[in-house]
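Colleague: Here is the model that I would like to go through with you.

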Amino acid sequence: MLLGVKSTRTVLIRHTVVAVIAALLVFGVWQANSFWSPDMRLWKAFGGASIILLWGALMIGPAARLWRPLNRFVSWRREYGIWFAIISFVHGYLVWDGWARWDVAGLLGFQYSAEAEMFLRVEPGFGLANLMGIVAVLLGLVLAATSFDRVVSFFGISSWKWLHTLAYAIYYLVSLHVLYFAFLHFVPSALRMTEYPDNPLRYLYLALILSITIIQAAAFVKTVWYKRTFGRD
């Protein structure tokens, strides 16, 4: 019961519920991106779904600080976090296999120039945004792999909680990754004049990112106020 779940059956039910939610999110984002080619549409679908799952994992804790009835859902952070890691890994693999074609230079925004006989950077910001995404996925997989009672027992609850503060590092990395691709990458530039349609979900992603920041700040303020007023958390 270290993570607040009473039985294996309950864990399986919760994973099934969140897996269904994840599948519906993938389908919903797929539908919203109908103007893209099938391969790009697919990895965008998994990418968008992973953002919403991460929002669910990080929103529950501070929201419960603001409204106590939500405490019953706090333990669901584990399932949301694990499925964020799974869906974001699939997103990364689809981009690596379908777009970058297993080419590290291409993934980092470089293209080979026969004229210059060297790799040239052609997409400023693209490589950095992808590196942020890669680090976020790797950290997400680490947290997913340690989201089990036996691991908590092995590390000890304090060490385990410290490790899982990396969830906020993931949040900031994903936020910057998303904002780059939703608002910057597909805008015409001096090197690429192609016009792409606006991402139909970009303001939803922005709202999710801002809402987490606002909820966390509000929960922090309430915790400090409560501590100073009543002498306890």
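My request concerns one part of the surface, and a single long reply follows. Which residues make the nonpolar surface patch of about 770 Å², and which helix gives the largest share of the nonpolar patch?

Modeller: Happy to take you through that, with a short word on the ground rules before we start. This is a predicted model, so local features need pLDDT of at least 70 and side-chain atom pairs count only at pLDDT 80 or more, while totals for chains, interfaces and linings use all residues. Residue numbers start from 1 along each chain as its sequence is written, and side-chain values use heavy atoms, leaving out hydrogens and water.

Let me set the scene with the whole chain. The protein chain has nine helices and two strands; these are DSSP runs numbered from the N terminus, with helices being H or I of at least four residues and strands E of at least two. Along the sequence the pattern reads α-α-α-α-β-β-α-α-α-α-α. The C-alpha atoms fill a box of roughly 70 × 40 × 35 Å along the principal axes. The accessible surface comes to about 13800 Å², and 69% of that surface belongs to carbon and sulfur atoms; accessible areas come from the Shrake-Rupley method with a 1.4 Å probe, and for residues only the protein chains shown count as cover. Of the 233 residues, 43% count as buried, where buried means under 20% relative accessible area, exposed means over 50%, and partly exposed lies in between (1.4 Å probe, protein chains only).

Now to your patch. The nonpolar patch of about 770 Å² is made by Phe89, Tyr93, Trp102, Leu128, Leu131, Ile134, Leu138 and Leu141. To belong to a patch, a residue needs over 30% relative accessible area and no salt bridge; nonpolar side chains (Val, Leu, Ile, Met, Phe, Trp, Tyr) are then joined within 5 Å, and like charges within 9 Å. The largest share, five residues, comes from α5. Two helices, α3 (77-99) and α5 (126-145), each supply at least two residues of the patch. On the α3 side, Phe89 lies in that helix and counts as partly exposed because its relative accessibility is 43%.

Trp102 deserves a closer look, since it is found in the loop between α3 and α4. The phi of Trp102 is near 65°, a positive value in a residue other than glycine. Arg101 has a place in the loop between α3 and α4 (104-107) as well, and the phi of Arg101 is near 55°, again positive in a residue other than glycine. With a relative accessible area of 60%, Arg101 is exposed.

Helix α3 also brings us to the charged pairs. Side chains of opposite charge can pair when their charged atoms come close. The structure holds two salt bridges, each being a side-chain nitrogen of Lys or Arg within 4 Å of a carboxyl oxygen of Asp or Glu. In one of them, Glu79 meets Arg78 at 3.7 Å, N to O. Glu79 is buried at a relative accessible area of 0%, and Arg78 counts as buried too, at 11%. The other joins Arg202 and Asp198 at 3.3 Å, N to O. There Arg202 counts as buried at 15%, whereas Asp198 counts as exposed at 52%.

For contrast with the surface, here is a place where two helices meet. The axes of α2 (residues 38-66) and α8 (residues 166-184) come within 11 Å and cross at roughly 145°; axes are lines fitted to C-alpha atoms, for helices over the stretch in contact, with angles running from 0 to 180 degrees between N-to-C directions. From α2, the contact uses Ile51, Leu54 and Leu58, and from α8 it uses Ala167, Tyr168, Ile170, Tyr171, Val174 and Val178. Contact here means heavy atoms within 4.5 Å. Across the whole chain, 64% of contacts between residues at least 6 apart in sequence join residues at least 24 apart.

So, back to your question: α5 gives the largest share of the nonpolar patch, with five residues.
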